[in-house]
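Student: Please take a close look at the salt bridges in this structure, one pair at a time. I would then like to read about the surroundings in which they sit.

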Amino acid sequence: MTIGILGGSFNPVHIGHMMLASYLRQFAGLDEVWLTLSPLNPLKVDSTELIPDIMRLKMLEIAISGSSGLNVCDYELSMPKPSYTINTLRYLAKRFPRHKFKLIIGSDNWKIFDQWKDYEEILSDFGVIVYPRPGYPVGNVYEDGVDVVKAPTADISSTFIRKAIAKGKDMNYFLPGGVFNYIKENKLYGFKS
């Protein structure tokens with residue numbers, strides 16, 4: 001089985017994440033996509049808006065319920081912080097030796113991929129699927145271990161969602177079914193009833 005690893009803080013998970021994961025699972029030759037929750041991005045170590053891991057994990061579980069081929073991976077929550085993608089990939093390859101793992105990143109991260117820990121090993125041992133992000137054209141990539149996909153894009157971000165919720169906006173159609181209710185029930189991101 002070939003598994004795509006889509007990592008992120010998912011703070012919160014939104015329809016753009018889910019649309020991408022579903023598209024890649026169905027059209028990029030992947031058997032499954034594992035949405036891998038990151039406790040702390042080493043390139044964003046000063047993030048102060050990150051809600052507790054367990055709440056972001058719960059939202060991911062709500063988001064994938066009933067989805068075929070999409071799963072949640074919480075391994076990084078037990079790793080030392082900050083967590084590094086290469087360590088996650090090494091662990092998964094050892095734990096699931098019959099699976100092949102490929103990292104999924106946006107074109108924004110591809111531009112800084114050479115700053116990632118052991119990025120050359122990620123390319124050679126696992127491979128990378130790069131999807132487009134608005135404002136970050138990929139161009140032609142002729143590098144072993146890299147597949148560029150023309151996945152549909154949604155110009156939406158977790159930052160936009162958090163700010164909108166804090167302003168009292170209805171984000172129900174921007175989030176997977178059930179996630180907005182979870183945010184409201186737990187008064188997350190400055191939600192006011």
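**Charged pairs and their surroundings**

Tutor: Asp118 is a good place to begin: this residue is partly exposed, with a relative accessible area of 33%, a value that lies between the limits of 20% and 50% that bound this class. Please keep in mind throughout that what we are looking at is a predicted model. The partner of Asp118 is Arg90, and the side chains of these two residues form a salt bridge in which N and O are 3.0 Å apart. The pair ties together distant parts of the chain, since Asp118 belongs to the loop between α4 (107–110) and α5 (119–126), while Arg90 belongs to helix α3 (residues 85–95), and 28 residues separate the two. Arg90 is also classed as partly exposed, its relative accessibility being 32%.

A second pair can be read in the manner of the first. Lys102 makes a salt bridge with Asp147, and their closest N and O atoms lie 2.6 Å from each other. Here too distant parts of the chain are linked: Lys102 is in strand β4 (residues 100–106) and Asp147 is in strand β6 (residues 146–148), with their positions 45 residues apart. Lys102, at 13% relative accessibility, counts as buried, because the limit for that class is under 20%. Asp147, on the other hand, is partly exposed, with a relative accessible area of 36%. Some of the charged residues go beyond simple pairs, for Arg90, Lys117, Asp118 and Glu121 are joined into one network by salt bridges that share partners.

A further pair stays within a single helix. Arg56 and Asp53 meet through their side chains in a salt bridge of 2.5 Å, N to O. Both residues lie in helix α2 (residues 53–64), and because they are three residues apart there, about one helical turn separates them. Arg56 is buried, its relative accessible area being 0%. In total, the structure holds six salt bridges, and the pairs described above are among them.

Helix α2 leads us from charged residues to nonpolar ones. In soluble globular proteins, nonpolar side chains tend to be buried together. The largest nonpolar core here has 38 residues, of which Leu6, Leu35 and Met59 touch the most other members. At least two residues of this core come from each of α1 (15–27), β2 (32–37), α2, β5 (128–131), α6 (158–166) and α7 (179–185). The greatest share is that of α2, which gives seven residues. There is also a second, separate core of 20 residues, and Ile5, Ile86, Leu89 and Phe101 are included in it. Returning to Leu35, and leaving aside residues up to four places away in sequence, we find that this residue touches a number of others, including Leu6, Phe10, Met18, Leu60 and Val72.

Finally, it helps to place these parts in the whole protein. Its secondary structure comes to seven helices and six strands, which follow one another along the sequence in the pattern β-α-β-α-β-α-β-α-α-β-β-α-α. The radius of gyration is 16 Å, close to the 16 Å that the globule rule gives for 193 residues, so the protein is as compact as a globular protein of that length. Of these 193 residues, 44% count as buried. When we take the contacts between residues at least 6 apart in sequence, 67% of them join residues at least 24 apart.

Notes
Residues numbered from 1 in each chain as written. Predicted model: local features only at pLDDT ≥ 70, side-chain atom pairs only at ≥ 80, totals over all residues. Heavy atoms only, no water. Salt bridge = Lys/Arg side-chain N within 4 Å of Asp/Glu carboxyl O. Helix = DSSP H or I, 4+ residues; strand = E, 2+ residues; numbered from the N terminus. Buried < 20%, exposed > 50% of the residue type's maximum accessible area, 1.4 Å probe, protein only. Core = buried A, V, L, I, M, F, W, Y, C linked by side-chain atoms within 4.5 Å. Contact = heavy atoms within 4.5 Å. Rg over C-alpha atoms; globule rule 2.2 N^0.38 Å.
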